[in-house]
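Visitor: I would like to go through this model with you, one question at a time, and to hear the reasoning behind each answer.

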Amino acid sequence: MKSSDVVIGWVKDGEVHFADRHAEGHYLPAKDSSQDWTLLMAEETGQFTVLKMTRLLDTCDDQDIAIESGTTRLLYAYSKTDPISDDLVLVVEVVLVVVVVVVVVVVVVVVVVVVAAAVVIVSVAVFVK
């Protein structure tokens, strides 16, 4: 998602892939010039992959979003298959994020249309009186 702070990681055949990234549009997020996440542990056992990582709450990096007190929104995606390479993350994972955004936009448009229709009905009712 555009303007998002992203970390992407996986383990494939014992090799760990992990990168601090940022989204500029609806395509593979670009790698940050400063890698601010620290990978503490990565393992793949059977059907499970575990990544343990840490990062400063505020990295002072303009490609990262500061984690502040209050509500922090977190979105994660996963796939049953590993990406082909660090630069070819499967489109399925990006599609999941895009679908969430499209659903939110459709809901907002429906609410706006319903509110506009209600305003028109009320205005007509007042005018008819």
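Guide: Before we place any residue, note that helices (H or I, at least four residues) and strands (E, at least two) are DSSP runs, numbered from the N terminus. Please also keep in mind that this is a predicted model.

Visitor: Where is the place of Gly-25?
Guide: Two strands frame this residue, namely strand E2, which covers 15-22, and strand E3, which covers 30-31. The place of Gly-25 is therefore neither of these strands but the loop between E2 and E3.

Visitor: Is Gly-25 buried or exposed?
Guide: Once neighbours within four places in sequence are left aside, Gly-25 is in contact with Met-1 and Lys-2; the C-alpha atoms of Gly-25 and Ser-4, 21 residues apart in sequence, are 9.1 Å apart in space. Buried means under 20% relative accessible area. Since the relative accessible area of Gly-25 is 8%, this residue is buried.

Visitor: In which order do the elements of the protein run from the N terminus on?
Guide: The protein has one helix and five strands. Read from the N terminus on, these elements follow one another as β-β-β-β-β-α.

Visitor: Which strands stand at the edges of the open sheet of three strands?
Guide: The open sheet has the order E1-E2-E3, with antiparallel pairing. A strand with a single partner has one side left without a neighbour in the sheet, and so the edges are held by E1 and E3.

Visitor: What is the bridge partner of Val-6 in E2?
Guide: E1 and E2 run antiparallel and are joined by eight bridges. Strands of a sheet pair through backbone hydrogen bonds, either parallel or antiparallel. For Val-6, the bridge partner in E2 is Arg-21.

Visitor: Which residue takes a positive phi in the hairpin of E4 and E5?
Guide: Strand E4, residues 38-45, pairs with E5 in the antiparallel sense over seven bridges, and within this pairing Glu-43 stands opposite Val-50 of E5. Two residues lie between the strands of the hairpin, and the positive phi, near 60°, is taken by Gly-46.

Visitor: Which side chains meet in a salt bridge?
Guide: The structure holds one salt bridge, for which the cut-off is a side-chain nitrogen of Lys or Arg within 4 Å of a carboxyl oxygen of Asp or Glu. At 2.6 Å, N to O, this condition is met by the side chains of Asp-5 and Arg-55.

Visitor: How many residues apart in sequence are the parts that this pair ties together?
Guide: Asp-5 lies in strand E1, residues 5-12, whereas Arg-55 lies in the loop between E5 and H1, so the pair ties together parts whose separation in sequence is 50 residues.
The two partners can also be described by accessibility, Asp-5 being partly exposed at 24% and Arg-55 being buried at 11%. The separation asked for is 50 residues.

Visitor: Which backbone oxygen does the side chain of Arg-55 reach?
Guide: Arg-55 is found in the loop between strand E5 (48-54) and helix H1 (91-128). Beyond four places in sequence, the residues in contact with Arg-55 include Asp-36, Trp-37, Asp-64 and Ile-65. At 2.9 Å, the side chain of Arg-55 reaches the backbone oxygen of Ile-65.

Visitor: What percentage of the residues of the protein count as buried?
Guide: The accessible surface of the protein comes to about 9700 Å², with 65% of this area belonging to carbon and sulfur atoms. Among the 129 residues of the protein, the share that count as buried is 17%.

Terms used. Residues numbered from 1 in each chain as written. Predicted model: local features only at pLDDT ≥ 70, side-chain atom pairs only at ≥ 80, totals over all residues. Heavy atoms only, no water. Polar contact = N/O pair within 3.5 Å; in protein donor to acceptor, adjacent residues only side chain to side chain. Contact = heavy atoms within 4.5 Å. Buried < 20%, exposed > 50% of the residue type's maximum accessible area, 1.4 Å probe, protein only. Pairing = 2+ DSSP bridges. Areas by Shrake-Rupley, 256 points an atom, 1.4 Å probe, with all protein chains shown as cover.
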